[in-house]
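Colleague: I am new to this structure and would like to know what the labels rest on. Please take me through the salt bridges, the exposure labels and the sheet.

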Amino acid sequence: MEKIHTTCVYCGCGCGLFLHVESGKVVGASPSSSHPLSQGRLCIKGWLGAEFVNHPDRLKTPLIRSGERLLKAEWDEVLSLITARFKEIKDRCGPDSIAILTSAKGTNEENYLLMKLARAGFGTNNVDHVARLCHAPTVAGLSYAFGSGAMTNPISSLAQADAILIVGSNTTEQHPLVAFHMLRGKARGAKIIAVDPRRTQIADLAELHLSPRLGTDIAWINCFLNVIIQEGLIDEEFISKRTTGFDEVREAVSKYTPEAAEKITGIPAHKLREAALAYGSADRAAIVYAMGITQHTTGTDNVQALANLALATGNVGMEGTGVYPLRGHQNVQGACDMGALPDLYSGYQRVAQAREKFEQAWSTPLPENPGLTALEMIDAAKEGRVKGLLVVGENPMMSYPDRNRVKQALETLEFLVVCDIFPTETTELADVVLPAASFAEKDGTFTSTERRIQLIRQALPPCGESRPEWVVVADLLSRFGVAADYRSPADVMEEIARVTPIYGGVSYDRLGTGGLQWPCPSKDHPGTGILHAEKFSVGLARFRPVEHKEPFEAPEEEFPLLLTTGRSLYHFHTGTMTRRTSLLDREVPGPYVEMNPEDAKKFGVRGGQKVVVESRRGQLYMDARLTLDVPKGTLFVPFHFSEACANVLTSQALDPKSKIPEFKVTAARVRRAD
Ligand code: SF4
């Protein structure tokens with residue numbers, strides 16, 4: 001049995017593991033004891049989650065649509081067809097009638113080549129990916145406040161904190177190895193304050209659990225800062241030497257007294273005060289957050305409110321402090337780093353400022369105007385403005401809000417190409433389907449949520465005729481007249497390092513088994529654990545006042561409940577991989593809605609019964625689970641299950657700053673299915 005060191009393919013923790021290979025098959029996985037983050041541990045997905053690689057459902061040959069059916073085709077035939085159709089659409093309707101959705105599951109090299117294909121090949125900045133649906137507010141909010149949208153400290157730094165404020169993160173289930181480092185902190189005496197409408201496992205382990213009404217985060221965060229100011233717990237020296245704009249924030253938060261915030265959030269005033277003091281009086285305090293705070297119409301303002309709190313207390317730039325946005329996919333950080341975004345090149349270089357530099361590097365003219373974000377592409381497709389779409393490793397039919405609308409948009413396209421490892425709800429609509437190699441069948445790098453760039457290593461040959469995406473995209477680049485003479489992903493990384501200052505010192509020979517944390521600007525640079533230690537990337541960090549705004553939908557007579565979506569420990573994203581892993585699927589085999597027993601009584605529902613959950617956009621059938629962990633008036637639905645896709649129910653209401661949809665608040669109702 002061979003053991004190949006690689007990086008976990010699921011969450012953003014980026015644990016190191018060995019794939020065990022025997023007779024050409026992955027037969028198991030085990031943890032890497034020398035890995036700096038996981039230190040010999042894996043969660044259940046890491047232990048079991050490579051089984052999908054051998055699943056018989058894998059896409060093994062390219063497919064071309066013929067009427068209702070997708071028929072087998074040769075690679076050269078499909079690549080010629082893709083080139084001809086995209087060129088024809090471009091010539092007829094202009095380059096901005098084509099768009100690319102890249103993949104947070106793909107490697108850095110693949111995301112870099114895809115954004116190059118959009119810009120240098122197609123001539124459009126219409127390139128985006130699933131970060132738009134999870135951490136676009138982090139990129140927008142933290143970039144404004146600190147100058148960088150990334151996690152400020154290594155995850156292990158949480159073990160040195162004296163207080164940890166966890167917001168909208170079901171950490172033990174979604175980022176178990178982050179939770180491990182938090183619990184190391186707790187064992188040292190750190191106070192854990194969890195803020196989440198649901199009583200999650202980490203909320204149970206916390207000293208304090210606050211359960212706000214959905215969509216009211218700014219009110220309680222501003223209240224925390226108000227209490228901290230009133231109690232004289234702000235760090236005056238840090239504020240005056242390293243920040244700007246505090247006076248406006250001081251003024252704005254003054255009306256968010258605990259009593260006023262209680263009226264908005266439903267959290268008792270005394271608990272707000274107690275939690276604010278626990279964070280504000282700690283020597284070293286950290287803030288950890290996830291999609292519970294970003295997936296709102298106020299997502300960017302929510303992130304800014306947390307940044308205000310960290311800055312006012314001087315909790316940035318040191319061990320045990322910091323702000324920790326937890327990225328969901330294993331390489332959503334890397335896809336952002338690689339510029340798979342409509343207004344940024346790799347390394348967060350703005351299109352407006354870096355265009356000439358990339359024109360020289362790629363020897364081709366590049367488009368000027370920023371492109372469409374992911375959901376704007378869907379709208380543009382529905383309206384006929386985008387006519388051709390390349391989707392790589394993404395399943396918008398499951399992961400985007402208001403599924404019926406997404407379906408209409410994809411059906412309106414003239415030409416849809418989807419590249420994936422399994423058939424999905426989106427490949428069903430495609431004109432061409434390309435079979436991709438899995439993470440176990442290619443080399444490359446992923447960048448974890450703590451900015452750690454790590455190798456994945458090929459353990460098996462690609463399944464059937466599937467190919468690594470980087471090979472496919474390099475081929476398309478050549479067919480569009482862009483030089484793409486890469487012999488391996490290491491060659492692509494060499495180019496990334498040349499044009500991307502934060503990756504400037506990265507090369508495969510330096511990554512070993514623990515990787516490097518960016519910024520790593522030169523070959524002799526050791527990488528950077530803690531950001532903003534001496535100076536913020538933006539110079540002086542920026543406070544910005546933010547105000548509470550009600551969510552887009554509120555409970556009303558017809559839809560008296562609020563529905564929120566999330567994940568389960570045993571599944572990942574749209575379930576394409578974990579639902580093909582027998583032990584994970586056995587644990588949670590199907591869709592369910594969690595509801596409070598009082599609501600169940602009111603609506604005549606019993607635990608285990610089939611129910612219908614409805615919103616203004618559609619309805620779903622699933623099992624009812626009754627639990628006191630969900631507050632009265634709230635429904636919780638995990639979004640992994642195609643047979644009850646939660647995004648049939650969610651709305652397309654967007655945060656105007658980051659364009660993220662409000663997945664976390666939907667007016668809904670529930671009734672017995674009979
Ligand atoms: Fe994989 Fe995340 Fe689990 Fe680590 S914590 S094993 S990266 S799913």
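Modeller: We can begin with one pair of side chains: D343 and R350 meet in a salt bridge, N to O 3.5 Å. The model is predicted, so local features need pLDDT of at least 70 and side-chain atom pairs count only at pLDDT 80 or more, while totals for chains, interfaces and linings use all residues. Residues are numbered from 1 along each chain as its sequence is written, and side-chain values use heavy atoms, with hydrogens and water left out.

Colleague: Why is the contact between D343 and R350 called a salt bridge?

Modeller: The term requires a side-chain nitrogen of Lys or Arg within 4 Å of a carboxyl oxygen of Asp or Glu. The N to O distance for D343 and R350 is 3.5 Å, so the pair meets the rule. By this rule the count comes to 43 salt bridges.

Colleague: What makes D343 and R350 partly exposed rather than buried or exposed?

Modeller: Buried means under 20% relative accessible area, exposed means over 50%, and partly exposed lies in between (1.4 Å probe, protein chains only). D343 has 28% and R350 has 42%, so both fall in the middle class.

Colleague: How do you know that K659 and E376 form a salt bridge, and where do they sit in the chain?

Modeller: Their N to O distance is 2.8 Å, so the pair passes the same cut-off. The two are 283 residues apart: K659 lies in the loop between β27 (634–638) and β28 (666–672), and E376 lies in helix α17 (residues 374–382). Helices (H or I, at least four residues) and strands (E, at least two) are DSSP runs, numbered from the N terminus. K659, at 25%, is partly exposed, and so is E376, at 22%.

Colleague: Which parts of the chain does the pair R579 and E643 link?

Modeller: R579 is in the loop between β23 (561–566) and α23 (582–587), and E643 is in the loop between β27 and β28, 64 residues apart. Their salt bridge has an N to O distance of 2.7 Å.

Colleague: What makes β5 and β7 edge strands?

Modeller: The open, mixed sheet has seven strands in the order β5-β4-β18-β17-β16-β6-β7. β5 (69–72) and β7 (127–128) each have a single partner strand, so one side of each is left without a neighbour in the sheet.

Colleague: How do you know that β16 and β17 pair?

Modeller: Two strands pair if DSSP finds at least two bridges between them. Five bridges join β16 (residues 388–392) to β17 (residues 415–420), so they pair. The two strands run parallel, and L390 stands opposite V417 in β17.
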